[in-house]
Amino acid sequence: MTTGAQEKQEDRIPLIQADHFRKVYFPTVAVDDISISIYKGDILALVGANGAGKSTLTKALSGVINCDEGELYVEGKEVDLSSYSPLTARKLGIRVVHQELSLCKNLTVYENFYVEQPQSAKGSNWRKKARQMAKEALDKVFPEHGIDVNAGLDKLSIAQQQMVEIARATCDPDMRLMILDEPTSSLPAEQTGQLQDYLMRTAKEGMTYIYISHRLNEIMTIANRVYIMQNGNKKWEGSIHETSEEHMVALMGEGIGSGEAVTECGEYTPPEPNEDVFVKCDGYTTQALHNIKFEVYGGQILGLTGLEGNGQLDLLQEIFKKAGKQISGMQIKGTVAYVAGDRKKEGIFPLWSIADNQVITKAAHGGLLRHLSKEWLEESVGYWYDKLHIKSDGPEALITSLSGGNQQKVLIARALVADADIILLDDPTRGVDQPTKNALYELFREAASNGKLVIWRTSDDAELEFCTKLLVMNSGRVVGKFEGDTVDHGKIMSLSFTSEEKKNESGDEKRHFQMPGFLFALIAMIVIYGVCATRSPLLLSTYGVQLMVTGFAALVMCALSQTFIIGLSHVDLGVGNFCGLVNVLCCTFLFDNPIMGAVALLVVLAAYPLMGYVICKRNVPAIIVTLGASFVWSGIALSIQSMPGGTCPAWIRSIFYTNTPILNTLCFWLVVFLIVAILIYRSRYGTVLRGFGNNENAMINSGWSRAKAYMSIYLLAGIFALLAGVCTSAINNASDASASDTYTMLSVASVIIGGGYFSGGVVSHFGAVCGAVSLTMISVLLGLFRVSTDYTASIQGLVLILILSLRLLKGRRKTA
Amino acid sequence: MKNPKLKAFVGRNGSWLFAGIGCIVLWILMGLFGSGISLRSLIDNAYTASFLAIAGLAQMLVVTTGRGAIDLSIPGMITLGAYTCMGICNGQNSMIVPALLVVLLEGVIVGTLNSAMVIWLKIPAIIATMAMNYMIVTVTMLVNNQFNVFTIPPILKNIATFRIATVPVMVVLVILLAALIHFMLTSTTYGKSLLSMGQNQEAARLAGVKIIKTEMITYITAAVLAGIAGALISARVTGAYLGMGDNYQMESIACIVVGGTLMSGGRANAAGTLVGSLFLYLIISCMQLMGADAGMQSVVKGALIIIVLLIGASDNNSRREKKYRKTVNKTA
């Protein structure tokens, strides 16, 4: 198989050479012994069935995981794998475009470019440079992409996000090898073609690619070499000219389902169908499923196969959700139990023992007040625990002390203990060793022979042998049905890999006008202020405005502070008390002795970054640290000054609270602070800080320090909270340790009303200010309408709920 | 520790066992500063703490539902419970039962609304309950205008203040309540459902747990408990006044943190909540004896909450779990 081109390659030093890579996820060998060489200018297609080890190899090459054995050479120089990380990989010029996106959804397109490539936008006017970089990269790969680089990433479709992710990787000037893991899975046909053109063009210029795809026709178009993996090993390697789609499919299908496991487990004859248990689908259709038709009865084992993400999981979930309900297109008789495939994400309860984990489904049946005695528990656990030979220190041991395979046994026992009629299995043997697998297969058969219906989604093609009935799915459709011993792996492969013509959706669907997050708060503020003004026109005069500003200034500042914290997906439960403490310090120490007062203020301010550091380093919940701190703040304030009193230093008043010919200085300061807060968030590092609120891991992988980010955010929040206290002192010309306590919760509410979310780093300083003003103005409004002050709080609460409910409606429309 | 069971027990209860030891140390300190070590001083503190403990148990249930849920309507419900009870009873024993029934009804309404906002309007619990708290305050003020709230029916007063051989009835009642909640959590369908959904709501759903029902019952129970706590507090302080529940806002959270309940949900500890509330009051008493003012007491309390949290975070158990949660969040 040596061609002329390859002979030439043998003389060259490979760009990347991996020798004898091995990675074991006990007990599964994900990558067994892989040696692979990639030469400059190659487009190497990495092909293999589900679970062949492609992703593991990718992760090992890019430093996301460390492999157990193996050597890596870059241009002939050995790389120290013990200290190999995504960051060192990037320095060597290796980059990956993962299937899961690593973008920050709360940033704009060009900001996402910036946080990952800050070195390319040095000097003044980084925004312009980043915009240009983003635009150029997108234009280069996807001409006429229709993506606005100023748009927020959350406003792009999945396809567009994928385009951004790919384009972002291409603009790394140091990049020499790019690994693309299923890059076209969500791209429309036009962009897929553009990407292929780009890859081929740049490969000619010397760029190197590893291209992973299930779409064999794509591979035939662009790759010059093919590497086929099977069970963590090399199955075949060669030039594209030596292979064809049929050849690849045949190679992948070879050797699986050799019947080894089946012979070990013996033959199985399904019992007579149990007509009391069934799932019947007749043209069932959802967003992900199209016209599903099949019938299965108790006693059968129905396998769902096909390439991952083609509707098998959706079908399984639909059956679980719709059990016991009357819906058209699907009839289900019998109780269901679900065995989750992703153990960690949706399976185990990590705080619990094996026993508790095993009985939860059974325990969840019946009335909520049902008593579950010790005897009940032992009885429920015992039989299956023994039968499954779970290796542990006893059923009382924590589930997390078990190996993956044994955890999976517990989850299957969960379904069996519950004695459900229909058992839904979501790839239950993933990461399980062969003896355990065989034991599980026995169990499924036993369950079926007892008249239960087993529906089994599997990614291990050898397991199809155990199914009495088989549905092959492709793009949400059932494209093949097999029954009994008619399983034909070649046929299944070709059915799964057949991609129908791609729908040519234009890249910029779903681009309707998006309301800014702060809109509701802004409208609420204007409406409330307007209504107040109709009652009392005085409010439109400068005097009226000043009066109002005096009322909401401190809350506005606290809300600005809280915005930074909630922007990091934390909550500060001490901001009000901190404001009170600063108020007291200003009116006592600072009044008596400016130097001592200033030192005291700096000391308490230093506590904020310290909190950020502790939260980061010890991984403790921010909500408790700030709650504890709130007691400390109010305690210190009370110790210094037990009764309201004190005097604000005259110089503070002259700065923050002096009348000018136009407006009080306080009004100007508030505007200045708001603008400063917004500018900070829009600055280079502010953009990075926002990124941390949304996708911490992506930011760390881009090389940013988490501790530094946390400390910066807490310091910023501290400064604004401190200014809130200073403003309070200037306004009141006195201090009261507890007068600001209510600002804590009100500031949280302001941020949320102003379009903020508790997670995801979505906040708006302007919105928070509008929210704070609205909340304060409600009491003014009610006063003007002579509504008893009794109702003030309640109407504040109602407005809060109303605004958040409206936001939910808006969100629903977006997802619909 | 050779005994694996003991090890597991300590692992699970580390933070509140520490607080329990802290309680004993504080008690001894109190004896040294005061009039010698006596059981009496401990019981007196337990008595004061028992009112907080009820609010703490309520908070514990809501926090255990997970995803950062906190019930901020507890202080409002305490005040409302106090007003309702005092107002309806008007000093008559015969009206206690109807009054408590009304408190119960209020709790059911508040809890239902809270959970409806969380489940269907998808408002974060912390905001939904805060808004609810505002509304309860209004209702309370309306009640305030209607009734006489300063005469206490004798029986209620007895329950709140009576002692059997120096042991206050309240302490016994609260221990019984904690025992009942412990039983509910460990040995009923409700408890298993609540603890599972707090650990991982998606896993609980797939395991067939009735999530909506469980969540509603939890919010309702919390509101009812807070209302009853209010009725008892008012009997102790002879009357209802506005803002009487406000102190319980942060303290109810503090006492469950000290008590080993996980703020992220999925692990509750009824006994720990009792210890936690006792711990908080012992600090105050101890500081009082040492001559510290209210401010210093608060500082020490805050510092200790953070220290307990940091100690809790250092045990391996929770570290492993945090790692786990991180992966969950990442993939979610």
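In this short talk I will go through the domains of chain A, one of its strands, and the contact between chains A and B.

Please keep in mind throughout that what we are looking at is a predicted model.

Let me start with chain A, where the domain assignment gives domain 1 as 1-93 + 174-254, domain 2 as 103-173, domain 3 as 268-497 and domain 4 as 550-797. The C-alpha centres of domain 1 and domain 2 of chain A are 26 Å apart, and where these two domains of chain A are in contact, eleven residues of domain 1 face twelve residues of domain 2. On the domain 1 side, the largest share, four residues, is supplied by helix 7 of chain A, residues 189-204, and by class that side consists of seven nonpolar residues, three polar and one charged.

Now to strand 14 of chain A, residues 330-333, where Met330(A) and Ile332(A) point to one face and are buried, while Gln331(A) and Lys333(A) point to the other face and are not buried. In a regular strand, side chains alternate between the two faces of the sheet. Strand 14 of chain A pairs with strand 11 of chain A, residues 274-284, in the antiparallel sense over four bridges, and Met330(A) is the bridge partner of Cys281(A).

Finally, which chains meet, and with how many residues? The contact involves 63 residues from chain A and 67 residues from chain B. On the chain B side of that contact, helix 13 of chain B gives the largest share, 14 residues, and the residues of this side divide into 37 nonpolar, 18 polar and twelve charged.

How values were computed: Residues numbered from 1 in each chain as written. Chains lettered and ligands numbered in written order. Predicted model: local features only at pLDDT ≥ 70, side-chain atom pairs only at ≥ 80, totals over all residues. Domains from an automatic or database assignment. Contact = placed C-beta atoms within 7 Å. Helix = DSSP H or I, 4+ residues; strand = E, 2+ residues; numbered from the N terminus. Nonpolar A, V, L, I, M, F, W, Y, C, P; charged D, E, K, R; others polar. Buried ≥ 20, exposed ≤ 12 C-beta atoms within 10 Å, placed from the backbone. Pairing = 2+ DSSP bridges.
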